[in-house]
Amino acid sequence: MSTLFNYSGDNEFYSGGSLCSADMGLMLALGNAEVYCPVKKRARISGPFVVEERTKNPSIEILPDECLFEIFRRLQGGRERSAAACVSKHWLMLLSNVRSSEICQSKSHTDLSAADGASKDIKMVSADEDLEVECDGYLTRCLEGKKATDIRLSAIAVGTSSRGGLGKLSVRGSNSVRGITNVGLSAIAHGCPSLRVLSLWNVPYVGDEGLVEIAKGCHSLEKLDLCQCPSISNKGLVAIAENCPSLTSLTIESCQNIGNEGLQAIGRCCTKLQSVTIKDCPLVGDQGIASLLLSGTTMLKKVKLHALNITDFSLAVIGHYGKAITDLNLCLLRNVSQKGFWVMGNAQGLQSLVSLTITLCRGATDVSLEAVGKGCPNLKHMCLRKCCFISDGGLVAFARASGSLESLLLEECNRITQTGILNAVSICSKLKSLTLVKCVGVKDLPPQASSLPPCESLRSLSIRNCPGFGSTSLAMVGKMCPQLHHLDLSGLTGITDAGLLPLLESSKAGLVKVNLTDCLNLTDEVLLSLARLHGDTLELLNLDGCRKVTDASLVAIADNCPLLNDLDVSKCSITDSGVAALSHGVQVNLQILSLSGCSMVTNKSIPSLRELGESLVGLNLQHCNAISSSKVELLVEDLWRCDILS
């Protein structure tokens with residue numbers, strides 16, 4: 001009773017811990033703000049005292065927002081701010097408007113920092129309450145689809161402020177009913193000054209106001225990615241340029257209201273900019289692109305320009321002033337002619353260029369390609385996609401001019417034939433990788449003795465979905481590539497054993513990765529030779545769709561390929577005998593096995609698969625209709641470390 005009568009109202013009635021714990025701060029930091037915090041019970045005092053009549057209980061809610069704001073900015077610990085934010089959405093939104101710089105520091109905290117531990121009698125505050133993690137910005141948050149709302153952004157802003165600070169934020173899509181607006185982005189700007197990376201994809205309700213707030217509050221921003229943001233214009237980009245001098249990477253895609261003015265501000269103010277990607281922005285023209293490069297302190301190394309209304313002038317500026325550019329990607333530049341590419345190459349300014357990709361550009365011709373080769377002496381990686389005006393002559397001239405070329409990719413360049421490719425390969429003494437994709441101009445020629453020297457440097461050969469490429473072409477190419485490690489012939493339905501065998505026999509270094517997907521005419525004969533000649537080095541083998549491959553190939557693979565870790569025999573003529581042979585093979589590190597579509601593999605293979613499961617991490621049994629679902633369920637229980645698709 002004495003305890004009750006001496007109760008002053010300052011202590012909690014029960015001795016348990018607080019319900020508003022640090023866990024709530026963690027929930028807010030993760031963006032989960034829908035939390036109910038029950039009111040703590042107080043002691044009820046009854047006795048012969050006079051009780052004043054009250055018509056209405058006083059409430060803090062009657063205070064105006066200005067007063068609540070002043071109260072909230074005096075909350076010291078992250079736990080207290082997080083607990084207050086959990087009370088209601090109203091309080092959460094008010095707390096999200098408190099900037100980190102506006103939070104008041106208590107006098108005791110200030111004195112403690114000044115004393116620097118000089119007095120040992122001072123009672124230290126518990127680390128769980130007030131000792132917050134320094135806001136270095138190492139936390140990452142991503143919101144997608146329906147989860148992308150202003151409430152969640154506000155919760156993230158409040159919750160992460162005391163847990164290391166938000167460093168990376170990615171928003172992909174937006175809630176159709178309560179989508180992200182400038183309010184949510186402003187909350188991030190107020191509570192996350194350590195933000196370094198911001199990515200906004202398909203957020204139609206975020207405009208210049210939100211981006212301006214980010215610019216004012218997040219001066220450490222280094223990477224900005226804007227995709228399908230129709231409400232953001234030059235005004236928001238100018239604010240970023242003027243307030244975020246540390247910006248190093250900028251991506252703008254499908255932003256119809258961003259044009260030259262914004263890019264001019266970026267070029268003028270962001271002297272540390274190293275990477276720029278601009279795609280499908282109709283208002284961006286030559287002035288905007290030129291301003292990014294004409295700055296005297298430009299450090300641009302990576303430039304991607306896709307589907308822009310720029311002309312030869314922009315490419316001329318790149319050729320003259322892109323001295324630091326190492327990676328250049330040009331795609332769908334309809335207004336750039338042969339002259340633009342020719343000037344870019346002859347300007348001799350791209351001395352540091354290492355990688356060049358040209359896609360769907362009418363100005364890419366034989367003449368301009370040769371000029372680019374001469375003007376880029378350090379070019380190592382060249383990719384030409386859908387360049388319909390480049391022929392054998394231009395490819396050979398480019399190969400002669402590019403003495404440092406190591407990788408060449410040609411996709412849908414239909415004027416290039418087998419003759420041009422063979423000559424180019426023989427000229428490039430440093431070429432390590434050759435890739436041909438859907439080049440219909442590459443067709444079989446009559447067998448002839450080749451006087452071209454072999455390319456000893458070539459390590460990777462990939463010829464995919466070239467319908468005219470047959471056994472004759474493959475035999476000729478194979479003789480020129482004695483040091484291959486990687487071979488990809490997927491989609492070449494015309495090649496046979498007779499075409500692939502010379503390549504296997506001429507490869508002296510030992511093949512490591514082989515992809516023969518949908519090579520319908522290959523049989524066990526060539527796979528027996530592959531296992532015999534290259535089994536000691538083979539690590540990956542893909543035979544998906546090779547219907548003439550049977551158990552004999554699996555027996556050879558099991559006996560001769562000890563290093564094999566990835567095997568795909570989907571839709572092959574494999575039976576239980578082949579799987580059993582594989583389970584007793586020499587390979588001890590087989591990690592991925594695909595038997596998808598092998599209709600002759602039955603329940604009898606389950607014991608063999610269980611033996612293989614000791615090393616497997618991935619097993620594909622999709623469309624194996626002869627294996628019952630109950631057997632698969634038992635296999636899943638036994639091979640709990642293995643990811644099984646069925």
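Let's start at one bridge between two strands: T251 has T277 as its bridge partner in strand 6. The model you are looking at is a predicted one, so treat what follows as a tour of a prediction. T251 itself sits in strand 5, and strand 6 covers residues 275-279. These two strands run parallel and are joined by five bridges.

Now look to the other side of strand 5. There you find strand 4, made of residues 223-227, and it too is parallel to strand 5, with five bridges between them. T251 turns up again here, as the bridge partner of D225. To get from strand 4 to strand 5, the chain passes through helix 10 (residues 234-243), and this β-α-β crossover is right-handed. A right-handed β-α-β unit also links strand 5 with strand 6, this time by way of helix 11, which spans residues 260-269.

So what does T251 touch, once you set aside its neighbours within four places in sequence? The contacts are L224, D225, L226 and T277. Is T251 buried or exposed? Its relative accessibility is 16%, and since buried means under 20%, T251 counts as buried. The strand around it tells a similar story: four of the five residues of strand 5 (residues 249-253) are buried, so the rest of the structure largely encloses this strand. While you are looking at a strand, here's a handy rule: in a regular strand, side chains alternate between the two faces of the sheet.

Follow the chain into the loop between strand 5 and helix 11, and you meet S254. Its phi is positive, about 55°, even though S254 is not a glycine. Why point that out? Most residues other than glycine have a negative phi. S254 has a relative accessibility of 24%, so it counts as partly exposed. Another residue to look up is L360, whose phi is also positive, near 55°, and which is not a glycine either. You'll find L360 in the loop between strand 9 (355-359) and helix 15. With a relative accessible area of 38%, L360 is partly exposed.

Helix 15 runs over residues 366-375, and S368 is part of it. How accessible is S368? Just 1% in relative terms, so S368 counts as buried. Leaving out the neighbours within four places in sequence, S368 is in contact with Q338, F341, W342 and G363.

Further along the chain, have a look at helix 21, residues 551-560. Which of its residues are buried? They are D551, S553, L554, A556, I557 and A558. When you study a list like that, it helps to remember that an α-helix has 3.6 residues a turn, so residues three or four places apart point the same way. The buried residues of helix 21 pack against two helices, helix 20 (524-534) and helix 22 (576-583), and also against strand 16 (540-542) and strand 17 (566-568).

Next, the empty spaces. Rolling a probe the size of a water molecule over the atoms shows where empty space is left. How many cavities of 30 Å³ or more are there? The count comes to five. The largest holds about 90 Å³ of space. Its lining is made up of R81, L95, S96, V98, S100, I103, A157, V158, S161, A187 and G191. Sorted by class, that makes six nonpolar, four polar and one charged residues. Three helices each give at least two residues to this lining: helix 5 (89-96), helix 7 (150-160) and helix 8 (182-191).

The second largest cavity has about 70 Å³ of space. Eleven residues line it, and those nearest its centre are G267, C270, L273, L292 and T298. In this lining, six residues are nonpolar, five are polar and none is charged.

Finally, step back and take in the whole protein. It has 24 helices and 20 strands. Of its 646 residues, 51% count as buried. And what about contacts between residues at least 6 apart in sequence? Of these, 83% join residues at least 24 apart.

Definitions and conventions: Residues numbered from 1 in each chain as written. Predicted model: local features only at pLDDT ≥ 70, side-chain atom pairs only at ≥ 80, totals over all residues. Heavy atoms only, no water. 1 Å grid on protein atoms, 1.4 Å probe; cavity = no way out; pocket = protein on both sides within 12 Å on 5 of 7 lines; lining within 4 Å. Points joined across faces, edges and corners; volume = space filled by probe spheres on them. Nonpolar A, V, L, I, M, F, W, Y, C, P; charged D, E, K, R; others polar. Buried < 20%, exposed > 50% of the residue type's maximum accessible area, 1.4 Å probe, protein only. Pairing = 2+ DSSP bridges. Right-handed = clockwise from strand over helix to strand, strands pointing away. Contact = heavy atoms within 4.5 Å.
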